[in-house]
Every structure is written in structure tokens, then in C-alpha cells.
Amino acid sequence: MAEEQEPFADVRAEPDGGFSLPELKWRELLFVGALRARDGAYARDPARPLPPFRDRDLFPVGALFEVAGRADGRVVLRRIERL
């Protein structure tokens, strides 16, 4: 029987409305291809596995994210809107 993976819980809300996660988790998302660079931002690739997060809508398909900064071993992400 397949073992169910515990949702990743170390996501923190940021004062500017974005969120942060550990650098290692960010690198994992890029390595497995769950997030891909697109037009200077990052987008979710629905064809690639996404580790489970407590907030299941953290990386919705079609949304774009930018790296707003890095601090204390964390990557700060912000959802961006493009016209």
C-alpha cells in the first residue's frame, strides 16, 4: 500500500501578502519541475508532481509568482498579475 505523504507545513505568510518557504523546499519545487520559469516569473506545471502543502491552493495552475526576496534561508514569493 502506498504511504500517504504528510502535507508540508513550513509556509509562512508575509506582511506584503506573499508567503515564504525554506530555500531547500524552493529548490525541490524547481528540481522536480513543479514550478518552471516563464517570462521572468514562475508558473506551476500541472504535469509535474507537486509535494502536498497544507494550503492546497498555494500554487494554482495558471498563477504566476515572483521571487520577492530571500532571508534567513527562506525564499519569499508573491503572486503577480499580468495583463
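**Exercise 1. Is arginine 74 buried or exposed?**

*Solution.* The model is predicted, so that local features need pLDDT of at least 70 and side-chain atom pairs count only at pLDDT 80 or more, while totals for chains, interfaces and linings use all residues. Residues are numbered from 1 along each chain as its sequence is written, and side-chain values use heavy atoms, with hydrogens and water left out.

Step 1. Apply the classes: buried means under 20% relative accessible area, exposed over 50%, and partly exposed in between (1.4 Å probe, protein chains only).

Step 2. Arginine 74 has a relative accessible area of 7% and is buried.

**Exercise 2. Determine which parts of the chain the salt bridge of aspartate 10 and arginine 74 ties together.**

*Solution.* Step 1. A salt bridge is a side-chain nitrogen of Lys or Arg within 4 Å of a carboxyl oxygen of Asp or Glu. The side chains of aspartate 10 and arginine 74 form one, at 3.4 Å from N to O.

Step 2. Aspartate 10 lies in the segment before strand 1 (12-13), whereas arginine 74 belongs to strand 6 (residues 74-80), so the pair ties together parts 64 residues apart in sequence. Helices (H or I, at least four residues) and strands (E, at least two) are DSSP runs, numbered from the N terminus.

Step 3. Aspartate 10 is partly exposed, at 32% relative accessibility. A network of salt bridges links Asp10, Arg12 and Arg74; the whole structure holds eight salt bridges.

**Exercise 3. Locate the salt bridge between glutamate 66 and arginine 78.**

*Solution.* Step 1. The N to O distance of this pair is 3.6 Å.

Step 2. Glutamate 66 is in strand 5 (residues 64-71) and arginine 78 in strand 6, so parts twelve residues apart in sequence are tied together.

Step 3. Both partners are partly exposed: glutamate 66 at 28% and arginine 78 at 29%.

**Exercise 4. Describe the buried and exposed residues of helix 1.**

*Solution.* Step 1. Glu23, Lys25, Trp26 and Leu29 are the buried residues of helix 1. They cover an arc of only 165° around the axis (taken from the directions from the helix axis to the C-beta atoms), which places them on the same side of helix 1.

Step 2. On the other side of helix 1, Leu24 and Phe31 are exposed.

Step 3. The cover over the buried residues includes strand 2 (19-22), strand 3 (35-38), strand 4 (41-44), strand 5 and strand 6, with contact meaning heavy atoms within 4.5 Å.

Step 4. Within helix 1 (residues 23-31), lysine 25 and glutamate 28 are three residues apart, about one turn of the helix, and their side chains meet in a salt bridge of 3.1 Å, N to O.
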